[in-house]
Amino acid sequence: MFFIRQKFTLILMTLIFLFISSESNFSKNYKLTILYTNDEHGWVETDSNHAGAANLYEIWNNVIKQEENVLLLSGGDNFAAAPPLSMETKGASTMDVFKALGHWVAPIGNHEFDFGVSVFKENQRRSNMTYLSANIESESTGLVPDYTRPYTMKQFNGFKVGILGLANIETPSLTNPNNIKGLQLRTYEESLKKYLPEIKEKADILIVLIHDCANKILTDYAVLSLFDEYNVAFVGAGHCHQFVNQKENNSIILETGSYLRNYGRVELTYDDLKKEVISSNSLILDNVKIERKLNKIDTIISNYQKEIEVSQAINRKVIGKLERDYTRDKDDYYTFICKTWFESFPKTDFALLNRGSIRQDLKKGDINISAIKLIMPFENTLYLVDVKGSNLIDELKNKKIIGCYKSSNNTIMYSDIKEIQPDKTYRIILPDFLYCGGDKVSIKSKCENLEETKLNYQEPMINYFIKYKIVK
Ligand SMILES: [Zn+2]
């Protein structure tokens with residue numbers, strides 16, 4: 001009897017041991033679905049070319065219903081350089097829409113600073129978004145500013161995700177430098193080396209969001225080997241509005257266009273025994289218009305539309321007619337813009353503008369103020385200064401800016417460096433963005449007789465159409 005009992009105990013213990021050991025050898029796989037957009041630039045409304053945020057909300061909600069673990073991420077540039085709804089509300093309308101879409105994490109895009117730091121802080125609070133930046137720090141203390149943090153953790157049921165964000169390395173010249181006074185940027189490489197080991201300790205899945213172009217991440221910076229070393233599963237890019245969906249080693253590098261027209265869907269499978277992501281795939285999908293009822297995003301947008309109705313009614317009124325198309329990045333488009341500036345400020349004889357401040361083509365047909373605000377969607381005002389020709393020659397070596405001058409017979413010419421007289425002093429007109437050092441322009445230290453016009457850089461074109469009605 002004793003022997004039988006002993007044998008039975010032995011069998012039972014063996015079974016328990018087998019059960020425990022099989023349990024510890026049994027791995028569990030967890031799936032994480034990432035929904036990703038970049039460079040939304042406040043394009044939340046629905047029109048003929050944009051399905052809009054309310055439509056995306058429906059598409060994403062279907063994914064959220066089907067999948068257990070969903071993470072919403074953005075590549076930055078969320079609310080500025082945007083259509084009037086977002087510009088007139090200083091991003092508030094876009095931020096309310098983002099909050100309704102869900103909790104997002106994004107790196108700080110350069111345009112997040114366009115309305116100044118206090119508006120950015122208010123927008124962050126309003127949207128409940130987490131804006132990350134591991135490479136922006138105070139010049140004096142070396143600390144990350146209080147409105148951002150290097151990385152964040154997201155706990156899911158069974159696994160933890162660590163997300164690190166990087167602001168564009170050229171942010172100081174991509175926004176008005178006054179907006180980020182006292183701050184400095186570290187390189188991506190330095191910041192990744194500083195924080196990835198720390199995140200790796202705490203997180204099961206590593207994600208990096210960089211507000212920089214996917215093609216540059218793939219080729220220009222020494223970061224791919226770091227992504228490989230730390231098993232970064234997903235790298236979200238932005239800033240250049242590119243379409244890139246590429247796998248480098250085990251890291252997915254993704255940039256999904258702009259303006260909420262498209263989104264990325266990334267699936268990662270995490271194995272908790274191997275403690276790594278064992279499979280990953282990614283798609284760029286269109287925000288295709290679907291049959292749907294009105295939802296809470298439509299309500300938010302229409303309430304804001306009502307709020308700006310009076311100014312919008314004025315903006316929609318036809319003020320003139322354009323008889324030809326102007327295409328972005330073509331010289332004649334820039335000379336036309338300069339012509340309108342010279343018309344408003346006849347005592348100037350040279351104009352400087354930055355290519356990045358002109359965001360859309362100008363199509364022939366009826367022109368209203370909205371159309372002009374859409375092509376020049378910034379809060380930049382125009383400044384007048386005296387600058388020596390030799391200094392202008394230096395500045396124009398910078399490919400991000402272009403110049404125009406008035407010839408002796410008053411025609412407006414696209415500037416060629418060889419036509420500038422080095423010893424002549426020019427009265428020039430330029431946006432405050434450039435005067436303050438945006439796009440690495442250094443006019444401020446080389447000029448005299450500053451006059452701040454307080455006129456937005458769009459205004460001369462608006463006045464030009466009002467005055468001439470039909471423009472060739
Ligand atoms: Zn950007």
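**Close-up 1. Val318 and its partner in a three-stranded sheet.** In this predicted model, Val318 has Asn368 of S17 as its bridge partner. The pair belongs to the meeting of strand S15 (residues 318-322) with S17, where four bridges join the two strands in the antiparallel sense. Step back a little and you find an open sheet of three strands, ordered S17-S15-S23, with mixed pairing. Strand S17 (365-368) and strand S23 (470-471) are at the edges with a single partner strand each, so one side of each has no neighbour in the sheet.

**Close-up 2. A helix packed on the three-stranded sheet.** Here we stay with the sheet ordered S17-S15-S23. Helix H16 (residues 459-468) packs on this sheet and touches S15, S17 and S23. The direction of H16 makes about 85° with that of S15.

**Close-up 3. An open sheet of six strands.** Follow the strands in the order S6-S7-S9-S10-S12-S11, and you will cross a sheet with mixed pairing. Its edge strands are strand S6 (151-156) and strand S11 (243-248), each of which pairs on one side only. From one strand to the next, the twist averages 15°.

**Close-up 4. Where S11 meets S12.** S11 and strand S12 (residues 251-256) run antiparallel and are joined by six bridges. To find your bearings, look for Asn245, whose bridge partner in S12 is Leu254.

**Close-up 5. A helix lying across three strands.** Helix H7 (residues 188-202) lies across S6, strand S7 (159-166) and strand S9 (205-210). Compared with S7, helix H7 runs at about 165°.

**Close-up 6. Helices H4 and H10 side by side.** The axes of helix H4 (residues 92-101) and helix H10 (residues 296-307) come within 10 Å and cross at roughly 170°. H4 and H10 are therefore roughly antiparallel to each other. On the H4 side, the contact is made by Ser93, Asp96, Val97 and Ala100. H10 contributes Lys296, Ile297, Ile300, Ile301 and Tyr304. Sorted by character, the residues of this contact are six nonpolar, one polar and two charged.

**Close-up 7. The meeting place of the two domains.** The protein chain is divided into domain 1 (27-306) and domain 2 (317-471). Their C-alpha centres lie 33 Å apart. Look for the contact between them, which takes 12 residues from domain 1 and 14 residues from domain 2. On the side of domain 1 that touches domain 2, you will find seven nonpolar residues, four polar and one charged.

How values were computed. Residues numbered from 1 in each chain as written. Predicted model: local features only at pLDDT ≥ 70, side-chain atom pairs only at ≥ 80, totals over all residues. Axes fitted to C-alpha atoms, helices over the stretch in contact; angles between N-to-C directions. Parallel < 35°, antiparallel > 145°, perpendicular 65-115°, else oblique. Contact = placed C-beta atoms within 7 Å. Nonpolar A, V, L, I, M, F, W, Y, C, P; charged D, E, K, R; others polar. Pairing = 2+ DSSP bridges. Domains from an automatic or database assignment.
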